[in-house]
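Student: Hey, got a minute to go through this one with me? I'd like to get a feel for it before I do anything else.

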Amino acid sequence: MSAIAIQTQGLGKRYRRGALASGLLRDTLARAIRSPWSLLRHSPAPTFWALKDVSLEVSPGEVLGLIGRNGSGKTTLLKVLSRITRPTEGWAEIHGRVGSLLEVGTGFHPELTGRENAYLSGAILGMSKREITRKFDEIVGFAELEQFIDTPVKHYSSGMYVRLAFAVAAHLEPEILLVDEVLAVGDIRFQKKCLGKMGDVARAGRTVILVSHQLNQIRRLCDRTVWVDSGSIRQTGPTAEVVSAYEEAMTAGGAENIRPVDGAAQFLSWKLAGENRAADHILPTEGETCVSFLLRVNQRLHSVHHGIGLYDQDRHLLWGNALDGVTLDLGLHEFRYTIPTLPLRPGVYSWRVALYDAGVRIDDWECVPQMHVVTIPVTHYRDESAGFLNIPSKLDIVPANSAK
Amino acid sequence: MVSVTSNPSVAGALEPRGPSQATLRIEPPRRWLELRLGELWLSRELLYFLVWRDVKIRYKQTAIGISWVIIQPLLTMLVATLFFGKLAKLPSQGLPYSVFVFAAIVPWTYFSAALANVTAVMVENQRVITKVYFPRLILPVSAALSGLVDFSIGFAVMLVFTFAHHIRPSWTLLLLPLFLLLAVLTVLGIGLWLSALNALYRDVKYLTPFLLQFWMLASPVYYSSSLVPERYRWVYGLNPMAGVIDGFRWGLTGTGHPPTSSLLASGVIVFLSVLGGLFFFNRMEGSIADRV
C-alpha cells in the first residue's frame, strides 16, 4: 500500500454566477444575435472561487475531519475528490477505490420496494450486484426493516426510509470513504448506531474524510482535522487543537461577524436551557424548548428595542419576534425564551438576537454555535416535499354528506 | 477490500506490496476530449440497474401497465388506416395500408419515446448527478436502451399482425436487428446533444416535441418514401429515420427494394452524429453537475 491515500496540490474550483448562468437557451441565443462576437470572446462573467489552492495529504487508514462554516468549501472539496465536479486548477491523486456518501438515499425511488431500492442505491454508490446480494441480510438487519423490505418505499415513514438508506451506504466498503454530514439524520438512537458503524469503518483501517457540523462527532472519530475557511485551508492539525481553535473563532464571532466589543451591551453566548436538551446546542425533540441568551450591559439602557430571529441553513427566516421598551440595568442578564413547541425538522439552525436603540444598533448577533435539531422526522421522506416544520399529523378519512 | 493483493508468484516474493488499485488522477477538464468508454464498460452493472429501474417504474406507475404498450400503436394504426389509407388513399407499396403503417409506427414510437426520455434524463437524475459520481454517459444510454422493452412488445404484436395478413417474411427479417441498431444510434446521436443541452438550458425540453413532430413529417411513417424521386432519395436518407423505417418495412414484408442508397447516407450521418454527440456530451459533462 502506498504511503499516501489522497494527495491534492493547489486544488481550486471556480463557479460562475450571475446573468450568464440564466439557464435558458433563449437568453443565450438572444445574446448571440445581439452581439455575435461576445460569445466567442472570453466574457468577464462574474465568478467566485469556492475552493482555492488546497493542498492536502491523507495517509492510508487516517480519519480526517473537515470543518468550517456553511459555504466555506468543505462540500465542494468532497465533490471534487469524489469526481462529481471537476476542479478548475490543480490536481488530486487518489490511491484506492473511492466511495462517497454525500446524501442519504441517493437514487432511491418511492415506487420501488425496499429490496429494489437497496440494490439500485447500492449500484449507484458503486457496489456490484454480487456484493449487495452478499451483504443484503446484514443491510436489512441494520436497518431493522425485516418485515417491510418488500413494501414500496413510498409507504415507509421517514425514519424507516432514512434507516434503509443509511444501512445501504454503511455497507459500502471502499478503501477510501468520503462522507458529508449524512450522520445528521434519523433519530438520536439510530444516529448513535451510525456513529458506531463509522467507528468500525475507521478501525477497519479505511481512509475516511468526514465533513460534519457536529464537532463532537469530529472529536470522536477523527485523528486529524482540517479547518476550511472561504475555500482555503485555514488550519490543519490534531483534531483537539483545530476544533478548539475553530470553536474559539466561532464564539468570537468569526471574521464575518465583527461586533464592537465595548458597546453599550453585548450578547455573549447562548444555550438551550430546561429539560428539553441533549447538549447545550442540540435539541432532541419538538416539545417545550427553553433558549437562553446571555447579555452583558455596560451602560444602562432605557427603552430599547429587542429582536430575535430563527434561521434555517438556507437563511430562511423561520420565526421572528420583537419587543419595544426594554430597560436594562448594568451587569449580566439572561434572556430566557420559553417556546411551548419548536417543531423543527432535523438539521442545523441559527438564532439571531439584537438590541437597537431608536434604529441604531447596539448589538446584533448571529449566534454561534449553531443549533442542531436531532428530532425524529415525522414529515414526508423526500426533502423537497417535507417543508420546514416537523409537525406530527393524523389523518382520518371519513364519509361526509355532500351538500344537497 | 484492501486484500486485493498481487499474486506473489507473478509479482516476485521480494517485492513490497504494491498499491492494490490503480491511482486515480483528478485534473481540470482538458480542452478536447477524453472518451472514457472503458469506464462505461466497467459500469455495465449500473447500466443494467438503471434500465431495470426505468422499466419497472414505468409498468408500476400505469394502471393498465403493459397493455398500454400494445393499445397505443394499435390505435394509431387504426386511425391512420382510416384517414390516410381508406380516405386519402395514400400508396402503400402494394401492402395493406394497415401493415404498411404498422411496420413504421413501431420503430417510430420507439424512436420518439426514447428521444424524449434521453433528452430529459440528465435533468430527471439531477439529484443523483450532484451527489455521486459514475460515468454520466450511462444515463442517456440507459434511457435509450430501456425503450427497447416497449419496443419488443410492440414488435411482437407487429409480427403477429403481419402474419395475420398472410405476409410471410423472408430472410430479410434477419436484417431487422441492424435497422434497430441504427434507430438506437440515431436516438443517441441526437439525444446526447439534447440531454446535455437540456441540463444546461431548461427550455430545450419545449423544443423536443416540436422537433419530433417535424421529424415525423419528414419520415416515411404514413407515406411511402417511393413518393420521393429516385435521384433525391439519398438526400432524403440524410434523415436516418427514413433509412430505419424503410428498412423495417422491407425487412418485415420482404417487398420492394432494399433501401440501399438511403441506408448508406443514414449510416454515415448517424456515425457522425454519435461521434459528435459523444464529444459534446463529454465536453459538457464537467459542467453538468455544476449547472443542472
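Student: What share of the contacts in chain B with a separation of 6 or more comes from residues 24 or more positions apart?

Tutor: That share is 80%. Keep in mind as we go that this is a predicted model.

Student: Fair enough. How many helices and strands does chain B have?

Tutor: Chain B has 12 helices and 1 strand. Starting at the N terminus, the elements go α-β-α-α-α-α-α-α-α-α-α-α-α.

Student: And what percentage of chain B is buried?

Tutor: Of the 292 residues in chain B, 41% are buried.

Student: OK, on to confidence. What pLDDT does chain B average?

Tutor: The average is 82, and 88% of the residues in chain B score at least 70. Residues 1-20 of chain B are another matter, with pLDDT below 50. In the model that stretch has 21 contacts beyond near neighbours in sequence.

Student: Noted. What are the scores for the model, ipTM and pTM?

Tutor: ipTM is 0.80 and pTM is 0.74.

Student: Let's switch to the contact between the chains. How many residues does it take from each one?

Tutor: It takes 45 residues from chain A and 36 residues from chain B.

Student: Which elements of chain B each supply at least two residues of the side that touches chain A?

Tutor: Those are β1 (23-26), α3 (44-61) and α12 (260-291) of chain B. The most comes from α3(B), which gives 8 residues to that side.

Student: How do the residues on that side of chain B divide by type?

Tutor: There are 18 nonpolar, 12 charged and 6 polar residues on the side of chain B that touches chain A.

Student: Back to β1(B) for a sec. In which sense does β4 of chain A pair with it, parallel or antiparallel?

Tutor: Antiparallel, over 4 bridges, with β4 covering residues 89-95 of chain A. One of the bridge partners in β1(B) is Leu24(B), opposite Ile94(A).

Student: Nice. Now chain A's open sheet: what's the strand order?

Tutor: The 3 strands run β10-β12-β15 in chain A, with antiparallel pairing. At the edges sit β10 (265-273) and β15 (331-339) of chain A, each pairing on one side only. From one strand to the next, the twist averages 20 degrees.

Student: Over how many bridges do β12 and β15(A) pair?

Tutor: Over 9 bridges, with strand β12 spanning residues 289-297 of chain A.

Student: And which residue in β15(A) is the bridge partner of Val297(A)?

Tutor: That's Gly331(A).

Key:
Residues numbered from 1 in each chain as written. Chains lettered and ligands numbered in written order. Predicted model: local features only at pLDDT ≥ 70, side-chain atom pairs only at ≥ 80, totals over all residues. Pairing = 2+ DSSP bridges. Axes fitted to C-alpha atoms, helices over the stretch in contact; angles between N-to-C directions. Contact = placed C-beta atoms within 7 Å. Nonpolar A, V, L, I, M, F, W, Y, C, P; charged D, E, K, R; others polar. pLDDT = per-residue confidence, 0-100. Buried ≥ 20, exposed ≤ 12 C-beta atoms within 10 Å, placed from the backbone.
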